[in-house]
Amino acid sequence: SLFPDQVSTIIIHTWFLVILFIVLGHAIYDSGVHKKTAFQQKVYAEQTSLAKSCEQEASNSRKQRLIDFIYHGVYDPIQKAKETTVILSSQLQEHLLILNKNQNQNQN
């Protein structure tokens with residue numbers, strides 16, 4: 001049979017072990033949760049970064065399309081029209097000179 005001192009020692013040791021297991025269990029569980037949380041944060045950061053770069057790429061693409069539209073749809077045709085006008089005006093001047101010469105020759 002056990003003495004009262006031994007019984008109380010066994011009870012104290014049992015409670016100490018129970019508390020120790022509870023503390024260790026919480027510590028192990030918490031470390032797992034933190035690792036999972038850190039991993040989730042890393043994944044979230046990567047997704048956010050990827051989303052921002054895609055958004056930036058799309059924005060750059062929209063800007064480039066706008067620039068292309070302005071150049072090919074507005075600026076380029078105006079430049080071509082100017083060049084055509086210069087060519088036509090020089091041809092017109094040549095024709096006028098020829099007509100002038102012909103008219104002068106006809107008057108003489």
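This is a short talk on one protein chain and a few of its side chains.

Hi everyone, and thanks for having me. Please keep in mind that we are looking at a predicted model.

Let's begin with the overall picture. How many helices and strands are in the chain? There are one helix and zero strands. The radius of gyration is 45 Å, well over the 13 Å that the globule rule gives for 108 residues, so the chain is more spread out than a compact globule. You can see that in the box filled by the C-alpha atoms too, which is roughly 155 × 10 × 10 Å along the principal axes.

What about the surface? About 10,100 Å² of the chain is exposed, and carbon and sulfur atoms supply 65% of that area. Of the 108 residues, 2% count as buried.

Now let's go to a stretch of nonpolar side chains. Val7, Ile11, Trp15, Val18, Ile19, Ile22 and Val23 make up a nonpolar patch on the surface, and together they have about 640 Å² of accessible area. Take isoleucine 22 as one of them. Isoleucine 22 sits in helix α1, and its relative accessible area of 48% makes it partly exposed, because the exposed class starts over 50%.

Next, the aromatic rings. A pair of aromatic rings is described by the distance of the centres and the angle of the planes. Searching the whole structure turns up one aromatic pair. The partners are tyrosine 71 and tyrosine 75, with ring centres 5.6 Å apart and planes at 35°. Why is this pair called tilted? Planes under 30 degrees apart would count as stacked and over 60 as edge-to-face, so 35° falls into the tilted class. Both tyrosines belong to helix α1, which covers residues 4–107, and being four residues apart they are separated by about one helical turn. Tyrosine 71 is partly exposed at 38% relative accessible area, and tyrosine 75 is partly exposed at 43%.

My last stop is about charge. Side chains of opposite charge can pair when their charged atoms come close. The structure holds one salt bridge, and lysine 80 forms it with aspartate 76, their closest N and O atoms being 3.5 Å apart. These two residues also lie in helix α1, four residues apart, or about one turn of the helix.

Is aspartate 76 buried or exposed? At 17% relative accessibility, aspartate 76 counts as buried, because the cut-off is 20%. Lysine 80, by contrast, is partly exposed at 49%.

That's my tour, and I'm happy to take questions.

Notes: Residues numbered from 1 in each chain as written. Predicted model: local features only at pLDDT ≥ 70, side-chain atom pairs only at ≥ 80, totals over all residues. Heavy atoms only, no water. Phe/Tyr/Trp six-rings, centres within 6.5 Å; stacked < 30°, edge-to-face > 60°. Buried < 20%, exposed > 50% of the residue type's maximum accessible area, 1.4 Å probe, protein only. Patch = residues over 30% accessible without salt bridge, like charges linked within 9 Å, V, L, I, M, F, W, Y side chains within 5 Å. Areas by Shrake-Rupley, 256 points an atom, 1.4 Å probe, with all protein chains shown as cover. Salt bridge = Lys/Arg side-chain N within 4 Å of Asp/Glu carboxyl O. Rg over C-alpha atoms; globule rule 2.2 N^0.38 Å.
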